Amino acid sequence: MEAIVYNNKGAETGKVELPEAIFGRKWNSDLVNQVVLSMETSKRKPVAHARDRAHVSGGGKKPWKQKGTGRARHGSTRSPIWIGGGVSHGPINEKNFERKTNKKMRNSALFTVLSAKLRDGEIMFIDSLGVGEIKTKNAIKLLNTLSGVKGFEKIAYKKGNRAFVAVPKSDPNVTKSFRNIPSAFVDEMRNLNPVDVLKYKYLVVENPELSLKALVGRTNVKSK
């Protein structure tokens with residue numbers, strides 16, 4: 001399995017051999033759905049918190065005697081039906097939404113998504129980004145140039161999540177040049193996960209021979 005490699009001018013410079021174990025997977029919607037939902041849910045940090053009757057101020061004393069007043073009977077001003085009373089079945093910030101998935105599942109889901117992206121023509125391999133110094137205009141110029149490649153015409157759009165740029169190792173020049181572009185994001189290839197790949201329309205992989213080494217080592221990871 002081969003893919004075309006481009007330069008930062010949008011011209012073809014050669015081809016790269018892609019591992020079948022990573023880019024030749026069949027679509028598995030159940031696996032991808034389970035892993036993505038687990039990852040998204042695990043990031044959830046509960047904020048909403050309501051106090052129940054055990055946490056609000058108020059006496060434990062009975063407001064008035066049980067009979068003879070003509071009013072409804074009440075046992076405490078902390079009751080949920082009283083103003084200032086506790087809340088019944090309200091949200092609490094102690095709830096844990098974390099879901100666990102093993103490494104084998106996460107890697108399989110990632111490879112499944114990458115295979116689908118490749119079939120849809122949404123992965124571009126580029127030998128070097130060539131951003132140079134830290135300038136946002138250099139990153140914008142690069143995206144505009146890459147939009148001239150057939151199938152990637154929308155990569156330079158300002159709205160929406162357009163490009164996830166995967167680099168073999170962290171480069172401050174690249175990261176800082178892209179950070180003011182809301183439609184693009186830069187991260188190391190070793191941090192790639194199904195959520196990021198699905199979040200962005202296109203995946204741009206710099207130096208594919210070096211970048212793909214970070215994924216090849218994850219093809220035989222045993223589950224825990």
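Here are a few short exercises on this predicted model, each with a worked solution.

**Exercise 1.** Find which residues form a positive surface patch, then work out whether Lys137 is buried or exposed.

*Solution.* Start with the patch: Lys9, Lys135, Lys137 and Lys141 make it up. Now zoom in on Lys137, which sits in helix H4, residues 136-146. Its relative accessibility is 59%. The cut-off for exposed is over 50%, so Lys137 counts as exposed.

**Exercise 2.** How many aromatic pairs are there, and what kind of pair do Phe23 and Phe125 form?

*Solution.* The count comes to six aromatic pairs. For Phe23 and Phe125, the ring centres are 6.2 Å apart and the planes meet at 75°. Planes over 60 degrees apart count as edge-to-face, and that's the label this pair gets. Next, place the two rings: Phe23 is in helix H1 (residues 20-23) and Phe125 is in strand S3 (residues 123-126), so the pair ties together parts 102 residues apart in sequence. Both Phe23 and Phe125 are buried.

**Exercise 3.** Sort out the pair formed by Phe152 and Tyr202: what is its geometry, and where do its residues lie?

*Solution.* Centre to centre you get 5.2 Å, with 40° between the planes, which makes the pair tilted. Phe152 is in the loop between H4 and strand S4 (163-167), while Tyr202 belongs to strand S6 (residues 202-206). That links distant parts of the chain, 50 residues apart. Lastly, check the cover: buried means under 20%. Phe152 has 5% relative accessibility, so it counts as buried. Tyr202, at 4%, counts as buried too.

**Exercise 4.** Which residues do ring pairs link into a cluster?

*Solution.* Follow the ring pairs and you arrive at Phe164, Phe185 and Tyr200.

Technical notes
Residues numbered from 1 in each chain as written. Predicted model: local features only at pLDDT ≥ 70, side-chain atom pairs only at ≥ 80, totals over all residues. Heavy atoms only, no water. Patch = residues over 30% accessible without salt bridge, like charges linked within 9 Å, V, L, I, M, F, W, Y side chains within 5 Å. Areas by Shrake-Rupley, 256 points an atom, 1.4 Å probe, with all protein chains shown as cover. Salt bridge = Lys/Arg side-chain N within 4 Å of Asp/Glu carboxyl O. Lys, Arg positive; Asp, Glu negative; His and termini not counted. Charge placed at Lys NZ, Arg CZ, Asp CG, Glu CD. Helix = DSSP H or I, 4+ residues; strand = E, 2+ residues; numbered from the N terminus. Buried < 20%, exposed > 50% of the residue type's maximum accessible area, 1.4 Å probe, protein only. Phe/Tyr/Trp six-rings, centres within 6.5 Å; stacked < 30°, edge-to-face > 60°.
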